[in-house]
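Here is a friendly walk through one protein model, written for someone new to reading structures. Keep the 3D view open as you read, and try to find each residue as it comes up.

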Amino acid sequence: MKKSVIFDLDGTLLDTSEGILFCYKKAAETVGLEENPVDNKSIVIGGPLSDGFKKLYKIQSEQQLDEVIKIYRGLYKDYGTTLYRPYEHIEDVLKSLKEKGYILAVATLKLEEYAVKMLSSINFDGYFTVIKGWNGGKVCSKSDILESVLSETKTDKSEAVLVGDSEYDRKGAENAEIDFVGVGYGFGYKLEDMNNYSFDILKTPSEIPCIIDNL
């Protein structure tokens, strides 16, 4: 039985696509970047900004990449942190898991200050023992953040599971040596591709408690 359930933020708890894609577009326009042909722009959500800009735009140099990321972060502070919504029924999921005695936490590559602000503004912060995100340092991986959550919640790796919507989440869980549950209602995994994955992808938030109980 699991003790701690760790949630990704973007694409798992919150639909943050409007704010994130707005800031990507405005930052790229400011620098004058040319777009790459990308069918699903939302796939960059939840991953490192450096990866996202390289996927969406033609980056000419590391200096240009640093510049556009800096502009994005300035925009996100003003716009991205207000343009989002919780997924339908996700609060019911948090209430159910909390009532069952699970320790709930958040692990996100978003700046921790913003993650706390966004969850607090919709009164979700009270469900979580720990909300961990990027601390502003140069290097930060999903597994680093997960390790920090495990340490603060005093949870053994065998007792924890990460719920997330992308390969960034799955690989982070793998590197941190904890179990992973994928969801297909977010940005990374798509329900129409479910047969291509070697693990289960949940269709709706409402399915999360049942699968957690049976891990």
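What follows is a short report on a pocket, the nonpolar cores, some aromatic rings and a few single residues. Please keep in mind that this is a predicted model.

**The largest pocket**

Let us begin with empty space. Rolling a probe the size of a water molecule over the atoms shows where such space is left. In this model, the largest pocket has a volume of about 750 Å³. Its lining is made up of 28 residues. To find the centre of the pocket on your screen, look for Pro48, Leu49, Ser50, Arg73 and Trp134, which lie nearest to that centre. Four elements each give two or more residues to the lining: α1 (17-31), α2 (49-56), α3 (62-80) and β4 (103-111).

Which element gives the most to the lining of the largest pocket? The answer is α3, with eight residues. Sorted by class, the lining has 16 nonpolar residues, along with five polar and seven charged ones.

**The nonpolar cores**

Now turn from the pocket to the nonpolar cores. The largest nonpolar core has 52 residues. Within this core, the residues with the most contacts are Phe7, Leu13, Phe53, Phe128 and Ile208. Phe128 is a good one to click on. Setting aside neighbours within four places in sequence, Phe128 is in contact with Phe7, Leu13, Leu94, Leu104, Ala105, Val106 and Leu119. Apart from the largest core lies another core, of 17 residues, including Ala105, Ile145, Leu162 and Ala176.

**Aromatic rings**

Next come the aromatic rings. How many aromatic pairs does a search of the whole structure find? It finds 11. One of them joins Tyr24 and Phe53: their ring centres are 4.6 Å apart, the planes meet at 55°, and the pair is tilted. Because Tyr24 sits in helix α1 and Phe53 in helix α2, this pair ties together parts that are 29 residues apart in sequence. Are these two rings buried or exposed? Tyr24 has a relative accessible area of 1%, so Tyr24 is buried. Phe53 has a relative accessibility of 0%, so Phe53 counts as buried too.

Tyr76 and Tyr114 form another pair, with ring centres 5.9 Å apart; their planes are at 35°, so this pair is tilted as well. Here the link is between distant parts of the chain, since Tyr76 belongs to helix α3 and Tyr114 to helix α5 (residues 112-121), 38 residues apart. Both Tyr76 and Tyr114 are buried. Ring pairs also link Tyr24, Phe53, Tyr57, Tyr72, Tyr76 and Tyr114 into a cluster.

**Two residues with a positive phi**

Backbone angles are worth a look too. Most residues other than glycine have a negative phi. His89 is not a glycine, yet its phi is positive, at about 75°. You can find His89 in the loop between β3 (85-86) and α4 (90-99). With a relative accessibility of 40%, His89 counts as partly exposed.

Asn123, again not a glycine, has a positive phi of about 60°. Asn123 is in the loop between α5 and β5 (130-134). Its relative accessibility is 59%, so Asn123 counts as exposed.

**Three residues in helices**

To finish, visit Asp213, Ala115 and Lys54. Asp213 lies in helix α8 (residues 208-213), Ala115 in helix α5 and Lys54 in helix α2. The table gives the relative accessible area of each.

| Residue | Relative accessible area | Class |
|---|---|---|
| Asp213 | 33% | partly exposed |
| Ala115 | 0% | buried |
| Lys54 | 44% | partly exposed |

What does each of them touch, not counting residues up to four places away in sequence? Asp213 touches Lys100 and Tyr102. Ala115 touches Leu9, Thr108, Lys110 and Ile131. Lys54 touches Asn36, Ile59, Glu62 and Leu65.

You can also try the distance tool on your screen. The C-alpha atoms of Asp213 and Ile103 are separated by 13 Å, with their places 110 residues apart along the chain. For Ala115 and Gly47, 68 residues apart along the chain, the C-alpha separation is 14 Å. Lys54 and Leu202 are 148 residues apart along the chain, and their C-alpha atoms are separated by 29 Å.

Methods
Residues are numbered from 1 along each chain as its sequence is written. This is a predicted model: local features need pLDDT of at least 70, side-chain atom pairs count only at pLDDT 80 or more; totals for chains, interfaces and linings use all residues. Side-chain values use heavy atoms; hydrogens and water are left out. On a 1 Å grid over the protein atoms alone, a cavity is a set of points where a 1.4 Å probe fits but cannot get out, and a pocket is an open set with protein on both sides within 12 Å along at least five of seven lines; lining residues have an atom within 4 Å of a point. Grid points are joined across faces, edges and corners, and a volume is the space filled by probe spheres set on the points. Ala, Val, Leu, Ile, Met, Phe, Trp, Tyr, Cys and Pro count as nonpolar, Asp, Glu, Lys and Arg as charged, and the others, Gly among them, as polar. A nonpolar core is a set of buried Ala, Val, Leu, Ile, Met, Phe, Trp, Tyr and Cys residues joined through side-chain atoms within 4.5 Å. Buried means under 20% relative accessible area, exposed over 50%, partly exposed in between (1.4 Å probe, protein chains only). Contact means heavy atoms within 4.5 Å. Rings of Phe, Tyr and Trp (its six-membered ring) pair if their centres lie within 6.5 Å; planes under 30 degrees apart count as stacked, over 60 as edge-to-face and the rest as tilted.
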